[in-house]
2 protein chains.
Amino acid sequence: MSKSLLRLDPVGAAACCAPLAAQPLSRDQAEQIAPLLKALADPVRLRLMSLVASRAGGEACVCDLNDAFDLSQPTISHHLKVLHGAGLLNRDKRGVWVYYRVRPAALASIAALIASTPAPGSVGVSG
Amino acid sequence: MSKSLLRLDPVGAAACCAPLAAQPLSRDQAEQIAPLLKALADPVRLRLMSLVASRAGGEACVCDLNDAFDLSQPTISHHLKVLHGAGLLNRDKRGVWVYYRVRPAALASIAALIASTPAPGSVGVSG
DNA sequence: CCAAGACATAGAGGGTCATCGATATCCAGG
DNA sequence: CCTGGATATCGATGACCCTCTATGTCTTGG
């Protein structure tokens, strides 16, 4: 408890907003979604998410994640904390090991925003 | 030409990667997508994207965008430059005014990544 | 209790970012 | 050419972020 790393609201990570093109985002909506994107907007964290998500069973142990990078163990721990704090990953400690698991609702929240509402009469890619 | 604001590659903004859960992202893939997300990961830029996207005709004049915020004109200009540099917005100057327009391919690139591949046997929300 | 391993936290250093005021650039009109 | 309006760029400032080393906390095993 010092910085503001996990001052989020993982509660309603369901889907805060309609697609970008549906209507202008309110300031509150934007400030709710931006931290999610910010948590994702790092190459290391993107690969961490992908490593966890692509794992059979949908979860990965920190020990495996550490081995996948040339970074120090505290650095990986930091990134996992950011992802967990943003509500993108669930944490599950079993014995000595800690397993992380993707929280689908958080990703769905982003997907809903980016959802391809082809925009009113704009560039139609498919027809 | 000083910082590295628009050192991106708006060329192949089509869809660099399979969904997060399909397989681990390579470092190159992660470093290609992360700047896109980073450009989006700001409340102001999120609202700018939404304002442009939701506009009838799919484009918005900077003059209108400026009025939608309590920020200075240079600040809005800066954010638009970031979005343009990331390949998320197209720029079109007509006379004295400049119009921005969402580049659908860039958003599609993100959508493809987040696309809900429900993960191998993980949390099934609907079934 | 003690040792060892897995993971988290603390604090520091160096880089990047958001924002501003001031100023430059570009275009239209007279 | 000069004025005026619309945007972009510059330079500074304060905040935030990524990474590290060092250290703490928790759990298993003897």
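Buried area is the accessible area, taken with a 1.4 Å probe, that two parts lose on being put together, summed over both. The model is predicted, with local features needing pLDDT of at least 70 and side-chain atom pairs counting only at pLDDT 80 or more, while totals for chains, interfaces and linings use all residues. Residues are numbered from 1 along each chain as its sequence is written, chains are lettered from A in the order in which they are written, and side-chain values use heavy atoms, with hydrogens and water left out.

**Exercise 1. Describe the interface between chain B and chain A.**

Step 1: Start with the contacts, meaning heavy atoms within 4.5 Å; 38 residues of chain B touch 38 residues of chain A in this sense.

Step 2: Turn to the area, which is about 3100 Å² buried between the two chains, with carbon and sulfur atoms giving 76% of it. On the chain B side, B:Leu20, B:Leu46 and B:Ile114 lose the most area to chain A, together 18% of what that side buries.

**Exercise 2. Find the buried residues of helix α1 of chain B and what covers them.**

Step 1: Locate the helix, a DSSP run of H or I with at least four residues, numbered from the N terminus; α1 of chain B spans residues 27-40 and has 14 residues.

Step 2: List the buried residues, those under 20% relative accessible area (1.4 Å probe, protein chains only); among them are B:Ile33, B:Leu36, B:Leu37 and B:Leu40. An α-helix has 3.6 residues a turn, so residues three or four places apart point the same way.

Step 3: Look for the cover, which includes α1, α2 and α5 of chain A as well as α2, α4 and α5 of chain B.

**Exercise 3. Work out how the protein meets DNA strand D.**

Step 1: Collect the residues near the strand, those with a heavy atom within 4 Å of it; 23 residues surround DNA strand D, and the closest are A:Ser72, A:Thr75, A:His79, B:Cys61 and B:Gln73. Of the strand's atoms that come within 4 Å of the protein, sugar and phosphate account for 71%.

Step 2: Check individual polar contacts, which are pairs of N or O atoms within 3.5 Å. A polar side-chain atom of B:Arg91 is 3.2 Å from a phosphate oxygen of strand D, whereas B:Cys63 has a polar backbone atom 3.1 Å from a phosphate oxygen of that strand.

**Exercise 4. Examine DNA strand C in the same manner.**

Step 1: The closest of the 23 residues surrounding DNA strand C are A:Ser77, A:Arg91, B:Arg45, B:Thr75 and B:His79.

Step 2: For A:Arg91, a polar side-chain atom lies 2.8 Å from a phosphate oxygen of strand C.

Terms used
Buried < 20%, exposed > 50% of the residue type's maximum accessible area, 1.4 Å probe, protein only. Helix = DSSP H or I, 4+ residues; strand = E, 2+ residues; numbered from the N terminus. Polar contact = N/O pair within 3.5 Å; in protein donor to acceptor, adjacent residues only side chain to side chain.
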